Amino acid sequence: MDEPEAPRAPLGALVALCHEDEPRLRHLHRVPARAGRAVDLPEWVDPGLAMALSGTGVHRIWAHQAEAAEAAYRGRHVVVATGTASGKSLAYLLPGLTAVAEGARAPGGRAATVLYLAPTKALAADQATRIGGLMVPGVRAATYDGDTPPEERRWIRAHANVVLTNPDLIHHSLLPRHQAWGPFLRALRFVVVDECHAYRGIFGSTVALVLRRLRRVLERYRARPTFVLASATVADPAEHASELIGMPVHAVVEDASPRGALDVAFWEPPIVEAPDGSVRRRSANAEAADLLAGLVGSGVQTLAFARSRVGVESVASAAARTLAEVGVSTARAGPLAELGTPTPSGGPAQASLVAAYRGGYLPEERRALEADLRTGRLRGLAATNALELGIDIHGLDAVVMAGWPGRLASLWQQAGRAGRRGADALAVLVAADDPLDAYVLAHPDLVFGAPIERTIVNPRNPRLMATHLPAAAYERPLTEADAAVFGDGISGVLDDLVAEGVLRRRPTGWYWPVDSPPEPGSLRGAGPVVAVVEEHSGRVIGTVDRPGALVHVHPGAVHVHQGTAYVVLDLDLEGGVARVVRGDPGWTTRAQSHSQFELGQPLRTDRSGPVTVALGEVTVRTRVTSFQRRLPSGEVLGVHALDLPEQVLVTEGMWWTVDPDHLRTAGVPADALPGAAHAAEHAAIGMLPLFATCDRWDIGGVSSAENPQTGLPTIVIYDGFPGGAGYAAHGHSILREWLAATHAALVGCPCESGCPRCVVSPKCGNGNNPLDKTGAATLLAVTLAALDVEGPDPHADLPGPAVGPIGGSPSATVELAAVRLES
């Protein structure tokens, strides 16, 4: 077979893939190259550290590194929020390792310590390797996580002066057993919170509560460390960092590092004919796989991001097949080949130049992939956001994003993975067939020059506080002074915990009533994980969180791992095991569910003419009831019943109702209401990620022509996390802007009756039935007119012919939220 051709410039390789008869390159924007601005190392840097850095070629540092390091050295809490590969780590390594090295020369040998927190184990291990490679005299760095053996844990607690871990370990181990960490905590000078932009929504809110608990415990040891946070570009890094740690934080945002030019391309897949004769746009995953193969074949080392685990496997497998078909050798030597990982065909180990990387892989698989990517043996990688946040890899030639990544911040974070020092780089956004992607294609100004979305963190969520305050009371009795740490809302939560018998009130404070600690919950909202075990060998091939297990590894499901298909034999939720056998049956599976919704007492209600808008509690009861078997053509072979437990989600949502008489006058009769409300719900869900730091899968919705509680046409949008994540609440606060953009995207779509670009949802619980695009546009126009928004005329016609509803008229239509955790 032929080897990949000699490398060519990334943009030139992309242009070579363009089709003259079918233009796919919709927009091209060049981010110009930037010159660096270097300064001398601060005079206070430890000589041993300065010598170690000089040995790696670092003689001067970038100005933003110096500004952040100086602030931290002077004891000021600081966040450095600059681009990918801008060297943010030196901002905390300079003051942190200087303090540790000086402390190692003091009596006792550990007068200063550093605690480093990363959102993933992989990133902590990456930083530990870097610190160890510097070989600074007196620095003893070690990772401490769930994989650390007990004997190593004892040594680390007693001797390490730099501990690298994650918030989960702090929550589950360090804080409940802080006495064992006493000497380390007394000497704590710096707490580093790396990749802090990852801490958003429920996960970010729980981490914020863990950091507040950590501060309380440190007070017992009279330690007042300086917090240093590192972040990708976010809307207001100072505000976000302050919300995380509960104290004011200084922000360093001017990036002084150099980088080559970055070409950002918007790519639109072509319209193709489906097996049933209908026409539709080719999927973003299929198009991304072709781009990945084409770029790798041109010698361009490329990383492709897909939205889901299944998508990642599909992109990697398709790209590898394409390279093999055109005669490019896909074999590589290296760590992954030595693991004996099956190829997509299930044969013996012969690792490909293209591989997949996602959450659920075993640690040794991830480490091997990371090593091959760094050395260049791996030329193409398909990944979820596990790589976006998981490891410190940059300097690739190109990045391909299969669909809008959910947030503008994520788009720039993923695009920033491309770019070798001084060389031009390429980032390609392949538009998916959904409303948000279509809207971005038509409005590139939303990406270039637009402000980054606000990052939402809400540590004052009473449901979250109710899980962390008992743990805080076990670590140290709570007092009224703790309102300064947790916020004024603490008093009501404490009253409830006392009434429930969880805590006891004494004159001196609130106490945990027993000697053993409270049962720690998960920080990431997923709870226990289910191990996926191969039946014949007993080998654990991966893991799935419990909610995901009900959807992805139910009995009869086809589960894909590293390009190999497995069929699930049974699912034992109590034992946390799904047994599988290897083999591709020739079809895929898709779970189907049934849900019931209940609206709670509104926290806020606003009425404007025929429209009423509310914010409040929403209870969602969901049960996976069956699954479909589908051929690659999309043909459904059969539907099979399942008997699985019900899942109950109590969360926060917003909803609005519209007077049916006004809708009828505007042209939406009663028989069109189900499809109109359903289509408007889908379109609104598709557009909310443009305004809040969420993606479509973080939120859900339900619509009905006559809601049993309101008695009116009602559309509900809710957060897919217990207690809420602030997404629906943010949508409520910017409802006019949100629905105006939704209406514009809907009427601007050239389709006749609805398509994935406007009202067809990839995760609709009702099979996208019924949908009425024309009715949805009118419903949104009536809503906006009532909200005093200038613009859409509720009587205006859509471009193209008016159409009626698609399908029947069920009483309620559903788009379920699915909590996806790629770690």
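This passage walks through the nonpolar cores, aromatic pairs and cysteines of a predicted model.

The largest nonpolar core brings together 100 residues, and those with the most contacts inside it are Leu469, Leu478, Phe486, Met654, Trp656 and Trp738. Helix 23, spanning residues 673-687, gives the most to this core, with nine residues. Beyond its neighbours within four places in sequence, Phe486 is in contact with a mixed set of residues, including Leu209, Arg212, Arg460, Leu469 and Leu478. A second, separate core holds 41 residues, among them Ala66, Ala72, Val136 and Ala230.

Turning to the aromatic rings, the structure contains nine pairs. The planes of Tyr144 and Trp181 meet at 70° with the ring centres 4.9 Å apart, so this pair is edge-to-face. Tyr144 sits in the loop between strand 6 and helix 6, whereas Trp181 belongs to the loop between helix 7 and helix 8, and the pair thus links parts of the chain 37 residues apart. Both Tyr144 and Trp181 are buried, and ring pairs join them with Phe184 in a cluster. Tyr199 and Phe203 also form an edge-to-face pair, with centres 5.4 Å apart and planes at 65°. Tyr199 is buried at 0% relative accessible area, and Phe203 is buried at 13%.

Two tryptophan faces carry an arginine: Arg505 lies over Trp510 at 4.0 Å from the ring centre, and Arg629 lies over Trp587 at 4.5 Å.

As for the cysteines, the count of disulfides is zero. Cys751 has the sulfur of Cys758 as its nearest cysteine sulfur, 3.5 Å away, whereas a disulfide requires sulfur atoms within 2.5 Å. Cys751 is buried, with 17% relative accessibility, and Cys749 is buried at 6%.

Terms used: Residues numbered from 1 in each chain as written. Predicted model: local features only at pLDDT ≥ 70, side-chain atom pairs only at ≥ 80, totals over all residues. Heavy atoms only, no water. Buried < 20%, exposed > 50% of the residue type's maximum accessible area, 1.4 Å probe, protein only. Core = buried A, V, L, I, M, F, W, Y, C linked by side-chain atoms within 4.5 Å. Helix = DSSP H or I, 4+ residues; strand = E, 2+ residues; numbered from the N terminus. Contact = heavy atoms within 4.5 Å. Phe/Tyr/Trp six-rings, centres within 6.5 Å; stacked < 30°, edge-to-face > 60°. Lys NZ or Arg CZ within 6 Å of the ring centre and 35° of its normal.
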